[in-house]
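User: Please take a close look at one spot in this structure and tell me what you find there. After that, carry on to how the interior is packed.

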Amino acid sequence: MQETTSLKGGYRRRGRLRPAQPWPIDHYERQLHAEGFRLVAGVDEAGRGALAGPLVAAAVILPEPFDCDGLADSKLLTPAQREDWFARIRAVAVSVSVCRALPRRIDHRGLHVSNLALLRAAIRSLDTKPDFVLTDGFALRGFRVPQLSIKKGDVVTASVAAASVIAKVTRDRMMERYHRRFPQYGFDHHRGYGTPSHRAAIARYGPCPIHRMSFKGMTLYAEDRATYERLYARGGPGPVRQREEEP
């Protein structure tokens, strides 16, 4: 795997690039374009910490130039803004790819292995081969294409932010469809994350086919259903934010 070390405006630490100061979100892409890398791909995933539903990864190569004013990490945008950016990115991107891992695969292979495999698959699925790859904190082996892993890449890098939008909107639409099949869980609201209402629904109805049974909380249900019901049947012991929960 090759890497470039001449990017300005950041410093390396343990193989990752961290921004030394705030920059425009397309700062890294501009630097790479100036150094001769014309096709810069960003890759990111959505649904890593959910208790139910797929893990979705997307890779995006943005055109040069691209008006990214207002583009941000998908978690920082409103649903309407995400939909708007989804359409804009799809309309003008040089290439976009989306890959999915279903809960059974995640349970079988583990979250981290599934996540890295999915990110690699998203890059390989691009119909245009990139000259350079930017990732959000994960170094991806197995490519001869130069790459950089950037901490908070979906916040400070336009192509990674674009990938996060594509992955997030794609996954949200999938969870809307799952909600129509399993309306009792409220997937249209919490998107499969471990909110009190979601945990209460699991306590009442049990898991459905898209729950990740290897995740914390779900393993408790499988091993000690009575304790799970006592803890979560009325909404749980306290507020639970939408955050990553690893097995």
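Analyst: R191 is buried, with a relative accessible area of 16% (buried means under 20%, exposed over 50% and partly exposed in between, using a 1.4 Å probe and protein chains only). Although R191 is not a glycine, this residue has a positive phi of about 60 degrees. Its place is the loop between α7 (187–190) and α8; helices (H or I, at least four residues) and strands (E, at least two) are DSSP runs numbered from the N terminus.

A word on the source: this is a predicted model, where local features need pLDDT of at least 70, side-chain atom pairs count only at pLDDT 80 or more, and totals for chains, interfaces and linings use all residues. Residues are numbered from 1 along each chain as its sequence is written, and side-chain values use heavy atoms, leaving out hydrogens and water.

Now to the packing. The largest nonpolar core (buried Ala, Val, Leu, Ile, Met, Phe, Trp, Tyr and Cys joined through side-chain atoms within 4.5 Å) has 38 residues, and V43, L140, F182, Y185, F187 and I210 touch the most other members. Elements giving two or more residues to this core include α6 (158–181) and α8 (196–205). The most come from α4, which gives six. A second, separate core holds 26 residues, among them V60, L77, W85 and A93.

W85 also belongs to the contact (heavy atoms within 4.5 Å) between α2 and α6, alongside residues including F86 and I89 of α2 and V165, I166 and V169 of α6.
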